[in-house]
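Welcome, and thanks for taking a look at this one with me. Please have the model open beside the text, and we will go through its strands, rings and charged pairs together.

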Amino acid sequence: MSQVVTAGSQARIFVSNPLERYYDGPGQTVIGAENAIRAIRDFQEKVTRVESASGDVFIYESDANDDTTKTFTINIGPVEIDISIDLSNFAIVIEVYLHLIWTKVQIAKASGSLKDGVTLNIGYPGILGGTLTFKLDGKDVVLTYDFNAFGHHYTGRTVIFHI
C-alpha cells in the first residue's frame, strides 16, 4: 500500500548537468564542434523515451555520488520529477516541478520507502492537479501517474529502472 508523504523533506537532490563537462565558451555554452558532438552522444546514451497514450515520458539518469545511489530526472508534459534512490535501503527522495514559460516552480517534495510506496498529491491552482506514485514492483522501480496540466490529461505507468 502506498503512503502519502508530506512535502518538506530536508534532503536535496542534485541532478548533474550532462553538458557541463563540455562547456568551452562563455555563459555555459558548448561551441566547439567536437565537444558538441560528444555532449549530445553522452546525453542520448542516458535518456530513455517511453511512449504513452497521453504523451512521451523522458527519463534521464544522471551521475550519482556513489554506487548505492541512483538519480533520475523524469519529464512528463510540463512536469519535471527529480528522484534519488538509495539502493541499500530503497529510500527515495522526490522533488516535483511545474514548468511555467520561463521558469519552473517546485510544487511537491517528499521522501519515503519504495517498499511501502510513496504517493504525492500534486497541484498548482488552476493549472495542475493529480497524483504520482513511486513503488517497487518486484525488481522494477515503477512510476504511476495521473494528472491534469494546462487542460491536458496525463496518465500511465512506466518502469524507471530495473534493480
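Let's begin with one rung of the sheet: Glu 80 has Tyr 97 as its bridge partner in β6. Please keep in mind that this is a predicted model. From that rung we can move along the neighbouring strands, then to the charged side chains, the rings and the nonpolar core.

**Strand β6 and its neighbours**

- Strand β5 (residues 79–86) runs antiparallel to β6, and eight bridges join the two.
- The two strands β5 and β6 form a hairpin with four residues between them. In the turn, Phe 90 has a positive phi of about 65°.
- β6 also pairs with β7 in the antiparallel sense, this time over ten bridges. Here the hairpin connection runs through two residues.
- How enclosed is β6 by the rest of the structure? Seven of its ten residues are buried, so β6 is largely enclosed.
- Tyr 97, the bridge partner of Glu 80, also has a charge over its ring: the charged end of Lys 104 sits there, 4.5 Å from the ring centre.

**Salt bridges**

- The model has four salt bridges, and three of them are described here, starting with the one between β6 and β7.
- Glu 95 and Lys 109 form a salt bridge in which the closest N and O atoms are 3.8 Å apart. Glu 95 belongs to strand β6 (residues 91–100) and Lys 109 to strand β7 (residues 103–113), so this pair ties together parts that are 14 residues apart in sequence.
- Lys 109 is also the bridge partner of Glu 95 in β7, and both residues are buried.
- Asp 137 and Arg 157 meet through their side chains in a salt bridge of 2.5 Å, N to O. Because Asp 137 lies in strand β9 (residues 128–137) and Arg 157 in strand β11, the pair ties together parts 20 residues apart in sequence.
- Are the members of that pair buried or partly exposed? Asp 137 counts as partly exposed at 37% relative accessibility, and Arg 157 is partly exposed too, with a relative accessible area of 48%.
- Glu 61 and Lys 70 also meet in a salt bridge, at 3.1 Å, N to O. Glu 61 is partly exposed at 30% relative accessibility, and Lys 70 is partly exposed with a relative accessible area of 24%.

**Aromatic pairs**

- How many aromatic pairs does the structure hold? There are three.
- One of them joins Phe 72 and Phe 161: the ring centres are 5.2 Å apart and the planes lie at 20°, so the pair is stacked.
- This pair links distant parts of the chain, with Phe 72 in strand β4 (residues 69–76) and Phe 161 in strand β11 (residues 152–162), 89 residues apart.
- Phe 72 is buried, with a relative accessible area of 2%, and Phe 161 is buried at 9%.
- Phe 147 and Tyr 154 are stacked as well, because their planes are at 25°, with ring centres 5.1 Å apart. Both residues are buried.
- Ring pairs also bring in Tyr 145, which is linked with Phe 147 and Tyr 154 into a cluster.

**Phe 147 and the nonpolar core**

- Phe 147 is placed in strand β10 (residues 140–149) and is buried, with a relative accessible area of 0%.
- Which residues does Phe 147 touch, not counting those up to four places away in sequence? Its contacts are Ile 76, Val 79, Ile 122, Leu 128, Gly 129, Gly 130, Thr 131, Leu 132, His 152, His 153 and Tyr 154.
- In the case of Ile 122, the residue is 25 residues from Phe 147 along the chain, and their C-alpha atoms are separated by 8.0 Å.
- The largest nonpolar core has 32 residues, of which Ile 74, Ile 81, Ile 83, Val 96 and Phe 147 touch the most other members. Strand β10 supplies the largest share of this core, with five residues.
- As background, nonpolar side chains tend to be buried together in soluble globular proteins.

Notes
Residues numbered from 1 in each chain as written. Predicted model: local features only at pLDDT ≥ 70, side-chain atom pairs only at ≥ 80, totals over all residues. Heavy atoms only, no water. Phe/Tyr/Trp six-rings, centres within 6.5 Å; stacked < 30°, edge-to-face > 60°. Buried < 20%, exposed > 50% of the residue type's maximum accessible area, 1.4 Å probe, protein only. Lys NZ or Arg CZ within 6 Å of the ring centre and 35° of its normal. Contact = heavy atoms within 4.5 Å. Pairing = 2+ DSSP bridges. Core = buried A, V, L, I, M, F, W, Y, C linked by side-chain atoms within 4.5 Å.
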